[in-house]
Amino acid sequence: MKHKLIPVAHPVFAGNEKKYVNECLDSLWIASGEFIPRFEESFARFCGVPHALACNSGTSALHLALMALGVGPGDEIIVPTLTYISTANAVRYCGAKPVLADSGARTMTLDPGSLESRITPRTKGIVVVHLYGHPADMDAIADVAARHGLFVVEDCAEAHGALYRGRAVGGLGDAGTFSFFGNKIISTGEGGMVTTRSAALYRKMRLLGGQGMDPARRYWFTVVGYNYRMTNIEAALGLAQLEQIDKHLAGRRAVVELYRRHLPQNLVELPAEEAWARHAFWMFTVRVKPEARIGRDELMAALDRDGIETRPVFYPMHLMPVYEEPCGTYPVAEDIARRGLSLPTHGMLTEEDVVYISRCIQRACTRSDAAVTP
Ligand SMILES: Cc1ncc(COP(=O)(O)O)c(C=O)c1O
């Protein structure tokens, strides 16, 4: 008998989501409306910054931040090769060049030691990514950035609620960007947010994301802008989700503790959480050890047959046609991408689910054909 499907992600709407969305529908305020500033203000407080701007995706959030920081043709922006495609694409949207850098083996995030060799007179900034929810080593990165006069944008699409030395991500660089796509820690379906301490940057991003319309004069356009606005319905969902975020984060952490207890650690390497970090555990991403008698792709296929959804680690940018670098060497990113897979990570998982997943991994990695009892 096939086991029930265990999804890799699972949104949870257990708070005011329906109430707030119904308020939008009942009031007919579906596009603009009061939930947008309420969500922005709450999110800014959550990140410990004065300004947050809601937008329609994490990708548009990145594009807005880079445009407002003045990125344009001829500029080079350092991004990790191990990230989701949007980080590099947003640089390209500005006509600039993404310059790739390797990651650290423990955190899987941008390696500060790899930065200096990537800097040229054209380098304008760095986009760090708090990959899978673990914060990057921001002090070391900020130190390099300060010495070379570079801006730092934090791509926090996967890291709502992560802390670096006790401080919330999204408030550690010149700007922070978040995604609320359906599989994220909190979700609005599609959606994003940019956070910043700079009032000037916030005003620029607001102008650019609102079609370039002068805030003081309706239908008067001063720059070529974009329609990157979030809807009131999405903001209603987002506000309700944000009200519950501590529960969402605690639920993930409880599942991670179960994984730590039950997974066969002789066969899979578990993600690190540095002493200076609070991991948000968007995805619990493990690496298949050489001791396992199976490759990552075979393991994913075996788990799929057992009804367990997984995701491979992102392909490094330099290995894909769009950003291919035939001579690029990023050994850490390549190793993580070859061996890494994300297991189901959400607060709806039970201990029984985690035990089942762990036993299926054990069986697949030791090639025992014994059935795992659900
Ligand atoms: C690291 C990273 N950056 C950016 C994004 C883009 O976010 P969105 O899908 O909301 O455009 C994602 C989303 O999946 C992501 O994982």
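Phe 35, Ile 36, Arg 38, Phe 39, Ser 42, Phe 43 and Phe 46 of helix α2 meet Asn 232, Ala 235, Ala 236, Gly 238, Leu 239 and Leu 242 of helix α7. By class, the residues of this contact are nine nonpolar, three polar and one charged. The structure is a predicted model. Two packed helices are described by the angle between their axes and the distance between the axes. Here α2 covers residues 35–47 and α7 covers residues 232–243; their axes come within 8 Å and cross at roughly 35°. The crossing of α2 and α7 is left-handed.

Helix α1 (residues 17–27) has Glu 17, Tyr 20 and Cys 24 buried. Viewed down the axis of α1, the buried residues fall within an arc of 85°, so they line one face of the helix. Among the elements that cover these buried residues are α2 and α7. On the face of α1 turned away from the buried side are the exposed residues Lys 18, Lys 19, Asn 22, Leu 25 and Asp 26. Leu 28 follows α1 and has a positive phi, near 70°.

Which residues come nearest to the ligand? Of the 14 residues around the ligand, these are Ser 57, Gly 58, Thr 59, Ala 157 and Ser 179. The shell around the ligand comprises four nonpolar, eight polar and two charged residues. Helices α3 (58–68) and α4 (85–93) each contribute at least two residues to that shell.

In α3, eleven of the eleven residues are buried, so the helix is largely enclosed by the rest of the structure. The buried residues of α3 include Gly 58 and Thr 59, both of which are also listed among the residues that come nearest to the ligand. Others buried in α3 include His 63, Leu 64, Leu 66 and Met 67. The buried residues of α3 pack against the strands β1 (51–55), β5 (151–155), β8 (175–179) and β9 (192–196), and against the helices α4 and α6 (199–209). Just after α3, Gly 70 takes a positive phi of about 85°.

Two residues of the loop between α6 and α7 are also listed for a positive phi: Gln 211 and Tyr 219. In both Gln 211 and Tyr 219 the positive value occurs in a residue other than glycine. Gln 211 is partly exposed, with 15 other C-beta atoms within 10 Å. Tyr 219 is exposed, with 7 other C-beta atoms within 10 Å.

The positive phi values are collected below.

| Residue | Place | Phi |
|---|---|---|
| Leu 28 | after α1 | near 70° |
| Gly 70 | just after α3 | about 85° |
| Gln 211 | loop between α6 and α7 | near 70° |
| Tyr 219 | loop between α6 and α7 | near 65° |

Ala 162 lies in the loop between β5 and β6 (163–164). Is Ala 162 buried or exposed? Ala 162 has 26 other C-beta atoms within 10 Å and is buried. With neighbours within four places in sequence left aside, Ala 162 is in contact with His 130, Gly 133, His 134, Pro 135, Val 169, Arg 278, His 279 and Ala 280. Ala 162 and Leu 249 are 87 residues apart along the chain, and their C-alpha atoms are separated by 9.2 Å.

How values were computed. Residues numbered from 1 in each chain as written. Predicted model: local features only at pLDDT ≥ 70, side-chain atom pairs only at ≥ 80, totals over all residues. Axes fitted to C-alpha atoms, helices over the stretch in contact; angles between N-to-C directions. Helix = DSSP H or I, 4+ residues; strand = E, 2+ residues; numbered from the N terminus. Left-handed = near helix turned anticlockwise from the far one by under 90°. Contact = placed C-beta atoms within 7 Å. Nonpolar A, V, L, I, M, F, W, Y, C, P; charged D, E, K, R; others polar. Buried ≥ 20, exposed ≤ 12 C-beta atoms within 10 Å, placed from the backbone. Arc of directions from axis to C-beta. Near = placed C-beta within 6 Å.
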